[in-house]
Amino acid sequence: MTLALGNKEIKIIPGLDLNRLPKHLGIIMDGNGRWATAKGLPRSAGHKAGIENLRKMSVFASELGLSYMTIFTLSTENLKRPKDEVDNLFNLIRTYMNEDTKQLVERDIRLNVIGAYKDLPGDVASAIDRAMADTRHCGGLTLTLAVNYGGRADIIRAVNTAVKSGTEVTEESFKDLLYTKGMPDLDLVIRTSGEQRISNFLIYQLAYAEFYFIKKHWPSFNKKDFQEALLAFQQRNRRFGGVKS
Ligand code: IPE
Ligand code: MG
């Protein structure tokens, strides 16, 4: 099947139902370093290819009609890597923020960044703020990048807000204190590179998410892999603790 999009057509794999996409998809993009090492390249080449693929997959997600996609871009723990690598990641993020806004607006993609990104170097944080402001009016895909994000820190921050307000929380009201305020819970989380763990990604928000692990490293993850993950999700039987309906 093909989906006509203006003068472009995209190939849809058999069986995938674009009316039953996850409301909120999370991606742990992993394996950039190993992808580069396997090719005899420096890790920085892997991160560059990783950002390139993030661009491609974001456009594809918006073409498919996804509403929310959240990508684990930089964890708080990643900052413990050697200074060279961390500086390189900051540069890539800043460049992305400065250069991609126009294309995001053209595609009606709203860019959102969650995490303690304000603790990063000032030029990175200000580029993020500006990119968010420039895409605020967009109403298509909400593309959230988790940058200097940790799931436990997200929860602790929310708890402290609740404590200060002196009001007891409920499961629902607590959600509005998290960085993901206003977004639906995650339905599906994809992790590349063969690792099968959560690594402190949106731990509260993914309580009922389905998981999809793929051996390929993030820079090689393509549109077909993306669709296969979505199809696998559609073939699962989600019961939310109840019985089969
Ligand atoms: C994912 O790739 C990108 C970031 C975490 C910034 P990695 O850098 O974790 O790549 P591997 O896991 O070392 O191969
Ligand atoms: Mg990794």
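## A strand residue to start from

Thr142 is found in strand β6. Please keep in mind, as you look around, that this is a predicted model. Is Thr142 buried or exposed? With a relative accessible area of 13%, Thr142 is buried, because buried here means under 20%. Along the chain, Thr142 and Ile51 are 91 residues apart, and 17 Å separates their C-alpha atoms.

Strand β6 covers residues 142-149, and Asn148 has its place there too. Asn148 is worth a stop for its backbone: its phi is near 55 degrees, a positive value in a residue other than glycine. Its relative accessible area is 6%, so Asn148 is buried.

## Another positive phi, this time in a loop

Ser199 is not a glycine either, yet its phi is positive, at about 50 degrees. To find Ser199, look at the loop between β7 (188-191) and β8 (210-213). How does Ser199 stand in terms of exposure? Its relative accessible area is 32%, so Ser199 counts as partly exposed, whereas Asn148 is buried.

## Two residues at 0%

Now turn to strand β4, which spans residues 68-75 and contains Thr70. Thr70 has a relative accessible area of 0%, and therefore it is buried. Which side chain does Thr70 join in a polar contact? The partner is His24, and the contact between the two side chains is 2.7 Å.

Helix α4, made of residues 122-135, holds Ile128. Ile128 counts as buried because its relative accessibility is 0%. You can also relate Ile128 to Asn78: the two are 50 residues apart in sequence, and their C-alpha atoms are 18 Å apart in space. Asn78 will appear again in the next section, as one of the residues around ligand 1.

## Who surrounds the ligand

Ligand 1 sits in the largest pocket. Two elements give two or more residues to the shell around ligand 1: α1 (32-38) and α2 (43-64). Of these, α1 provides the largest share, with three residues.

Which residues make up the surroundings of ligand 1? In sequence order, there is a run of Met29, Asp30, Gly31, Asn32, Gly33 and Arg34, followed by Arg43, His47, Thr73, Asn78, Arg81 and Leu89. Sorted by class, the shell has six polar, four charged and two nonpolar residues.

## How the ligand is held in contact

Several polar contacts link ligand 1 to this shell, among them ones from Asp30, Asn32 and Arg81. In the case of Asp30, an N or O atom of the side chain is 2.9 Å from an oxygen atom of ligand 1. Asn32 takes part through its backbone instead: one of its backbone N or O atoms lies 3.1 Å from a ligand 1 oxygen. For Arg81, a polar side-chain atom lies 2.7 Å from an oxygen atom of ligand 1.

How much of ligand 1 does the protein cover? On its own, ligand 1 has 380 Å² of accessible area, and the protein covers 88% of that.

Terms used:
Residues are numbered from 1 along each chain as its sequence is written. Chains are lettered from A and ligands numbered from 1 in the order in which they are written. This is a predicted model: local features need pLDDT of at least 70, side-chain atom pairs count only at pLDDT 80 or more; totals for chains, interfaces and linings use all residues. Side-chain values use heavy atoms; hydrogens and water are left out. A residue is near a molecule or strand if one of its heavy atoms lies within 4 Å of it. A polar contact is a pair of N or O atoms within 3.5 Å; within protein, one must be able to donate a hydrogen and the other to accept it, and residues adjacent in sequence count only if both atoms are side-chain atoms. Accessible areas come from the Shrake-Rupley method with a 1.4 Å probe; for residues, only the protein chains shown count as cover. On a 1 Å grid over the protein atoms alone, a cavity is a set of points where a 1.4 Å probe fits but cannot get out, and a pocket is an open set with protein on both sides within 12 Å along at least five of seven lines; lining residues have an atom within 4 Å of a point. A molecule sits in a cavity or pocket if more than half of its atoms lie within 2 Å of its grid points. Helices (H or I, at least four residues) and strands (E, at least two) are DSSP runs, numbered from the N terminus. Ala, Val, Leu, Ile, Met, Phe, Trp, Tyr, Cys and Pro count as nonpolar, Asp, Glu, Lys and Arg as charged, and the others, Gly among them, as polar. Buried means under 20% relative accessible area, exposed over 50%, partly exposed in between (1.4 Å probe, protein chains only).
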